[in-house]
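Subject: Structure handover

Hello,

Here is the structure I promised to pass on. Please open it alongside this message. My notes follow below.

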Amino acid sequence: GVRPPTVTVRFLTPNNCPNRCWLATIAQNHIRIIMNRDNFSFSVTGTLLLPLLLMLMAGIAQAGDDECAAVGEYGFVCGMVSPEDLVLVPGTKWIIASGMAPGAGMTLIDSQQKTWSELYPADRPRAEQDMQTYGACPGTPDPNKFISHGLNIRAGENGHSTLYVVGHGGREAIEVFDVDASGEKPELTWTGCIMTPDAMAINSVASFSDGSLVATIPLQTGKTIAEALGGAITGGVYQWSPGDAGFEMVQGTELPYANGIEVSTDEQEFFVATSGGHKIIAYSRSNPARQLRATGTLTIIPDNLHMASDGRLVTAGLIIDDPVCGNLAGEGEFDLDKFAACPRPFIAMAVDPQTMEVEDLASGPAIETFSNITMALQVDDELWIGTFAGDRVAYRSLKDLGSE
């Protein structure tokens, strides 16, 4: 059944946390909207939370003006709320960022000017449902409850692209948008959705040119993060094609916390990051029951997965074994508050999809103002990095990486 909406407010911040970090910690981690520590499931009361969240967002943006200085090689664009995933609008300078918090919506980043603006829902969210493809969708998402998570974008024609968004909040679904980049700035129009099975939370989504989707559910009903970190099977890959009633499990893809997902350029394979297994795995689209290839065990918790312009897969994540924050592998219990409040070093990696050889692209120390790393995205000669709990995205040049 549907659980009654409840709000639990808890103020818990890390020591020596500056104003921006304090506000971000409250906004993303400690105003709990039934954010279950075991499975990241959400139940949102927008009318109660939204005014407070907007106030906090304003405070974060103001603090970001004063506290957005670069750290080492990393510059920042500040003031966003939990920009968990990033995608580049094809053929443009524009980056779309998700917002993994109630009311955060999605933002639009100018990768050249290093500025951002609201993208969705903004003042007047547009909607035009494609009933032929998404007729089973019950209608537009509630913008006051909308939480965006993993992103995937596929180029179309005449300046248009299709954006697939993992949506939480009022419902669990893949939300689909048309991206019109033919004007001065990209504009979104919601066109449909695919509901998730049993209202389970999807993490990431990838698309094929025929409109088919593959998506990861890291924690099936009753499964916990602690189990996944211990290597137990907790989720897997689900697929949907136009005309299907809904998502169905792809047998053979059962994994400990299936996370990032991407499709090969020839669309014959797909790749999955297993956060509990600490690997990137290649599967055949036609016969996914047998794993084709895999990386060795990684030193990070691999998260989101994106294809770079050179054809390699790019992921990023937090160091698993850190002398300050502890070792996440095989952990018996998982405390989200403790995890999110302790900054860990991170690494962005590139994976050759044919050989599964791994190359470190960039690394970063534990940065108090920027932690909880989830992904990396190549934009021209820069690397952009997102976070599931923070008030900024990071960027750095790729030109001088060979000197590190």
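Start with strands 19 and 20. Strand 19 covers residues 279-284, and three bridges tie it to strand 20 in antiparallel fashion. One bridge pair to look up is A282 with R293, the latter in strand 20. Bear in mind throughout that this is a predicted model.

Both strands belong to an open sheet of four strands, ordered 17-18-19-20 and paired antiparallel. Its edges are strand 17 (258-263) and strand 20, each of which pairs on one side only. Neighbouring strands in this sheet are turned against each other by 25 degrees on average, direction ignored.

**The chain overall**

The protein chain has five helices and 29 strands. It has 404 residues, and 57% of them count as buried. Its accessible surface is about 16,300 Å². Carbon and sulfur atoms account for 47% of that surface. Take the contacts between residues at least 6 apart in sequence: 52% of these join residues at least 24 apart.

**Strands 10, 11 and 12**

Next, look at strand 11, residues 173-180. Six of its eight residues are buried, so the strand is mostly covered. It has an antiparallel partner in strand 10 (residues 160-168), with eight bridges between the two. G167 is bridged to A173 of strand 11. The two strands make a hairpin with four residues between them. In that turn, G169 has a positive phi of about 105 degrees.

Strand 11 also pairs with strand 12 (residues 187-195). Again there are eight bridges and the run is antiparallel. F177 has W190 of strand 12 as its bridge partner. Six residues make the hairpin connection from strand 11 to strand 12.

**Disulfides**

How many disulfides are there? The count comes to three.

- C68 and C78. Their sulfur atoms are 1.9 Å apart. The torsion about the S-S bond is about 90 degrees, so this disulfide is right-handed. C68 sits in the loop between helix 2 (46-66) and strand 3 (75-78), while C78 is in strand 3, ten residues apart from it. C68 counts as partly exposed, at 23% relative accessibility. C78 counts as buried, at 12%.
- C137 and C193. The sulfur atoms are 2.1 Å apart. This link is right-handed, with 110 degrees about the S-S bond. C137 lies in the loop between helix 3 (131-134) and strand 9 (147-155), and C193 lies in strand 12, with their positions 56 residues apart in the chain. C137 is buried at a relative accessible area of 6%. C193 counts as buried too, at 4% relative accessibility.
- C325 and C342. Here the sulfur atoms are 2.0 Å apart. The S-S torsion is about -90 degrees, which makes the disulfide left-handed. C325 is in the loop between strand 23 (321-322) and strand 24 (326-327). C342 is in the loop between helix 5 (336-341) and strand 25 (346-351). The two cysteines are 17 residues apart. C325 counts as buried at 15% relative accessibility.

**Two residues to check**

Is P302 buried or exposed? It is buried, because its relative accessible area is 0% and the cut-off is under 20%. P302 is in the loop between strand 20 (291-294) and strand 21 (305-307). Leave aside its neighbours within four places in sequence. P302 then contacts N259, A273, T274, S275, H278, K279, I280, T315 and A316. Among them, K279 falls within the range of strand 19. M349 is 47 residues away from P302 along the chain, and their C-alpha atoms are separated by 9.0 Å.

The other residue is T107, in strand 6 (residues 106-110). T107 counts as buried, with 7% relative accessibility. Which residues does T107 touch, not counting those up to four places away in sequence? They are M80, I95, I96, A97, W116, S117 and L119.

**Where to look when you open it**

I would suggest this order: the sheet 17-18-19-20, then strand 11 with its two hairpins, then the three disulfides. P302 and T107 can come last.

Best wishes

Conventions: Residues are numbered from 1 along each chain as its sequence is written. This is a predicted model: local features need pLDDT of at least 70, side-chain atom pairs count only at pLDDT 80 or more; totals for chains, interfaces and linings use all residues. Side-chain values use heavy atoms; hydrogens and water are left out. Buried means under 20% relative accessible area, exposed over 50%, partly exposed in between (1.4 Å probe, protein chains only). Contact means heavy atoms within 4.5 Å. Accessible areas come from the Shrake-Rupley method with a 1.4 Å probe; for residues, only the protein chains shown count as cover. Two strands pair if DSSP finds at least two bridges between them. Axes are lines fitted to C-alpha atoms, for helices over the stretch in contact, and angles run from 0 to 180 degrees between N-to-C directions. A disulfide is a pair of cysteine sulfur atoms within 2.5 Å.
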